[in-house]
Amino acid sequence: MAAELNGPRLAPRSGAAAQLVVFLHGYGADGNDLIEIGRAWQQWLPHAAFVSPHAPEPCGQAPVGRQWFALTFRDPNERWVGVNKAAPLIQGFLDAELARHQLPPSALALVGFSQGTMMALHVGLRRERAPACIVGYSGVLVGPENLAEATARGAKGLPPPVLLVHGDMDDLIPFDALFMSAEELAKVNIPCQWHLSMGVAHGIDAGGLLHGGVFLAQNFGLRVNVSAQSLRRR
């Protein structure tokens, strides 16, 4: 199954890979859409390998691009059906990439955008061993009523921490999805931070990238030096 997914990769800036960051792109895009974020994050993650696989299906609503699952916007259950259908393929890919770099499950982080956020949350919270963290941009938690399945735990018995980032001008997935998702995660004691990007539509701004990169570094146990002033500037 793992061989069915592939996409652009970015080698560590320094030495062998000590961490693995996997991007899951949005509906109608492909792996090339997010991989360059890795270059921006190398300042905090110089020993991380980055990979951004292309979703397995051609996008049904666009002439180019890929989808993790189909969206007709007619079936209220299609997101839940979709994440469950796509999950085994992603799980297999993650296992193969960790093995390729000879890394433990704790060295993995998942980063999603839009539909990719739906997949990152669904897959990451259900891993046999928890990833270091999950970052979700402009997405939503699918099937919050099924969070009893979210049994992924790390070596200390804790679930993976989550960061959700959303634009307040998003007209595709309204920013209310951020607060709903955070509240549902809190109900089952999954730690969740969030950042609302002001004046941003369905996309990622510099502030969102900064928060995501620092969050990854912190949860990989790395030292970061970002002042409150620099956060405000972004």
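## The loop after helix H2

In this predicted model, the loop between helix H2 (78-101) and strand S6 (108-113) contains Gln102. Gln102 is not a glycine, yet its phi is positive, near 55 degrees. Most residues other than glycine have a negative phi. With a relative accessibility of 74%, Gln102 counts as exposed.

Ser138 is a second residue of this kind: its phi is positive, about 55 degrees, although it is not a glycine. Ser138 sits in the loop between strand S7 (133-137) and S8. Is Ser138 buried or exposed? Ser138 has a relative accessible area of 0% and is buried, whereas Gln102 is exposed.

## Confidence

The protein has a mean pLDDT of 93, and 95% of its residues reach 70 or more. Residues 228-234 have a pLDDT below 50. Beyond near neighbours in sequence, that stretch has seven contacts in the model. Where pLDDT is low, the predicted coordinates should not be read in detail.

## Gln115 and its surroundings

Gln115 belongs to helix H3 (residues 115-124). Its relative accessible area is 1%, so Gln115 counts as buried. Which backbone atoms does the side chain of Gln115 approach? The backbone oxygen of Phe69 is reached at 3.0 Å, and the backbone nitrogen of Trp68 lies 2.8 Å from a polar atom of the Gln115 side chain.

Leaving aside neighbours within four places in sequence, the contacts of Gln115 are His25, Gly26, Tyr27, Gln67, Trp68, Phe69 and Leu71. Phe69 and Trp68 thus appear both in this contact list and as backbone partners of the side chain. Arg79 is 36 residues from Gln115 along the chain, and the two C-alpha atoms are separated by 9.1 Å.

## Glu57 and strand S4

Trp68 also appears in the surroundings of Glu57. Glu57 is part of strand S4 (residues 57-58). Eleven residues separate Glu57 and Trp68 in sequence, and their C-alpha atoms are 6.4 Å apart in space.

With neighbours within four places in sequence left aside, Glu57 is in contact with Gly65, Arg66, Gln67, Trp68, Phe69, Ala70 and Lys85. Gln67, Trp68 and Phe69 are among the contacts of Glu57 and also among those of Gln115.

## Helix H4

Helix H4 (residues 176-187) has twelve residues. From its first C-alpha to its last, H4 reaches 17 Å, close to the 16 Å expected at 1.5 Å a residue. Which residues of H4 are buried? They are Ala177, Leu178, Ser181, Ala182, Glu184 and Leu185. Seen down the helix axis, the buried residues of H4 fall within an arc of 165 degrees, so they line one face. An α-helix has 3.6 residues a turn, so residues three or four places apart point the same way.

The exposed residues Asp176, Glu183 and Lys187 are carried on the face of H4 turned away from its buried side. Strand S8 (162-167) and strand S9 (192-197) are included in what covers the buried residues. After H4 comes Asn189, with a positive phi near 60 degrees.

## Val165 in strand S8

Val165 is found in strand S8, one of the elements that cover the buried residues of H4. Val165 is buried, with a relative accessible area of 3%. Not counting residues up to four places away in sequence, Val165 touches Gly136, Tyr137, Ser138, Leu178, His195, Ser197 and Gly208. Among these, Leu178 is a buried residue of H4, and Ser138 is the buried loop residue with positive phi.

Val135 lies 30 residues from Val165 along the chain, with 7.8 Å between the two C-alpha atoms.

## Cysteines

How many disulfides does the model contain? The count is zero. The sulfur of Cys133 has its closest cysteine sulfur in Cys192, 12 Å away, which is too far for a bond; a disulfide would need the two sulfur atoms within 2.5 Å. Cys192 is likewise in no disulfide.

The two cysteines can also be described by accessibility. Cys133 is buried, with a relative accessible area of 0%, whereas Cys192 is partly exposed, at 22%.

Notes
Residues numbered from 1 in each chain as written. Predicted model: local features only at pLDDT ≥ 70, side-chain atom pairs only at ≥ 80, totals over all residues. Heavy atoms only, no water. Buried < 20%, exposed > 50% of the residue type's maximum accessible area, 1.4 Å probe, protein only. Helix = DSSP H or I, 4+ residues; strand = E, 2+ residues; numbered from the N terminus. Polar contact = N/O pair within 3.5 Å; in protein donor to acceptor, adjacent residues only side chain to side chain. Contact = heavy atoms within 4.5 Å. pLDDT = per-residue confidence, 0-100. Expected span 1.5 Å × (residues − 1). Arc of directions from axis to C-beta.
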